[in-house]
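User: I'm in my first year and still learning to read structures. Could you pick a salt bridge and take me through it slowly, then show me how the surroundings fit in?

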Amino acid sequence: MASTQELVEEIKLKCGGLQLQNEDVYMATTFGDLTQTLVKKLRGEDDEEELPIDYIELNINGLTLRMPHQVFINGQFVDAEGGKWYNSINPTDGSVICRVSLAQVADVDKAVAAAKEAFETGEWGRMNPRDRGRLIYKLADLMEQHQEELATIEAIDSGAVYTLALKTHVGMSIQTFRYFAGWCDKIQVRIWLSRTS
């Protein structure tokens, strides 16, 4: 009970007084459910409205993988302009993993503009470096918790051997995020002095 209360209070503090109750955490039985709840509350959306994400579901390696297959623009998964799709192929056997929305130039332009605006005026740009580091550490922790799932996706998408995907592709990504998270609140200046004769 105390840990749930602490989580609720921390979320309220970090999210500018967001109205959140212990029940919101208890009713969210998975991290994904909690994320959906928080995003909806931050956006001021109705609690009943589910965020629209079209998942494909695959059963591989003893896991049920749910993956979005649309383009991600301005915080939403949407179909690409023109409604074009392409098959994502598993290079190990040539089988189709799933159909993926094929981004067009206009989609890329929208995504770049949205990312630029979010970077320049969004919360990330106003956040202090220590909090940025904490978020990157949390991302690394979540990746570590889901490393088998991520490695399975990487293996079927890239054709990598599962253990290579687990230890190298995913494992080193986790280490890289942790490394850079540690640098977020560090200031380093190097001055090169040249010798003059």
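Analyst: Sure, let's zoom in on Glu-144, which makes a salt bridge with Arg-178; their closest N and O atoms are 3.0 Å apart. Keep in mind that this is a predicted model. Glu-144 is in helix H6 and Arg-178 is in helix H8, so the bridge ties together parts that sit 34 residues apart in sequence. What brings two such side chains together? Side chains of opposite charge can pair when their charged atoms come close.

Now, are these two buried or exposed? Neither, really: Glu-144 counts as partly exposed at 37% relative accessibility, and Arg-178 is partly exposed too, with a relative accessible area of 25%. The cut-off for buried is under 20%, so Arg-178 at 25% misses that label.

Let's stay with helix H6, which covers residues 129–145. Arg-130 lies in this helix as well, and Arg-130 forms a salt bridge with Asp-185, with 3.2 Å between the closest N and O atoms. Asp-185 is in the segment after helix H8 (162–183), so this pair ties together parts 55 residues apart in sequence. As for accessibility, Arg-130 is partly exposed at 48%, and Asp-185 is partly exposed at 31%. There's a third partner to look for here: Arg-130, Asp-185 and Lys-186 are linked in a network of salt bridges.

How many salt bridges does the structure hold? It has eight. For a contrast in sequence distance, try Lys-116 and Glu-120, whose side chains meet in a salt bridge at 2.9 Å, N to O. Both lie in helix H4 (residues 105–121), four residues apart, which is about one turn of the helix. Lys-116 is partly exposed, with a relative accessible area of 49%, while Glu-120 is exposed at 51%. Exposed means over 50%, so Glu-120 at 51% gets that label, and Lys-116 at 49% stays partly exposed.

Back to helix H8, the home of Arg-178. Which helix crosses H8? Helix H7 (residues 147–158) does: the two axes come within 8 Å and cross at roughly 115°. H7 passes H8 in a right-handed crossing. On the H7 side, the contact is made by residues including Leu-150, Ala-151, Glu-154 and Ala-155. On the H8 side, look for Tyr-162, Leu-166, His-169 and Ile-174, among others. Further along in the sequence, Tyr-179, Phe-180 and Trp-183 form one aromatic cluster.

That brings us to rings. The structure has three aromatic pairs. Phe-72 and Phe-77 make a tilted pair, 4.7 Å centre to centre, with 55° between the planes. Phe-77 counts as partly exposed at 22% relative accessibility. A ring can also have a charge sitting over it: the charged end of Arg-66 sits over the ring of Tyr-55, 4.0 Å from its centre.

While you're around the strands, have a look at two loops. Asn-61 is in the loop between strand S1 (55–60) and strand S2 (63–68), and Asn-61 has a positive phi of about 60° although it isn't a glycine. Asn-74 has a positive phi too, about 55°, and isn't a glycine either. You'll find Asn-74 in the loop between strand S3 (71–73) and strand S4 (76–78), where Asn-74 counts as exposed at 60% relative accessibility.

One more loop is worth a stop. Leu-102 lies between strand S6 (96–101) and H4, and Leu-102 is partly exposed, with a relative accessible area of 31%. Setting aside neighbours within four places in sequence, Leu-102 is in contact with Ala-80, Lys-84, Trp-85, Tyr-86 and Asp-107. Leu-102 and Glu-81 are 21 residues apart in sequence and 8.4 Å apart in space, C-alpha to C-alpha.

Finally, step back to the whole chain. It has eight helices and six strands, and from the N terminus on the order is α-α-α-β-β-β-β-β-β-α-α-α-α-α. Of its 197 residues, 26% count as buried. Among contacts with a separation of 6 or more, 39% come from residues 24 or more positions apart. Glu-144 and Arg-178, where we started, tie together parts that are 34 residues apart in sequence.

Technical notes. Residues numbered from 1 in each chain as written. Predicted model: local features only at pLDDT ≥ 70, side-chain atom pairs only at ≥ 80, totals over all residues. Heavy atoms only, no water. Salt bridge = Lys/Arg side-chain N within 4 Å of Asp/Glu carboxyl O. Buried < 20%, exposed > 50% of the residue type's maximum accessible area, 1.4 Å probe, protein only. Phe/Tyr/Trp six-rings, centres within 6.5 Å; stacked < 30°, edge-to-face > 60°. Lys NZ or Arg CZ within 6 Å of the ring centre and 35° of its normal. Axes fitted to C-alpha atoms, helices over the stretch in contact; angles between N-to-C directions. Left-handed = near helix turned anticlockwise from the far one by under 90°. Contact = heavy atoms within 4.5 Å.
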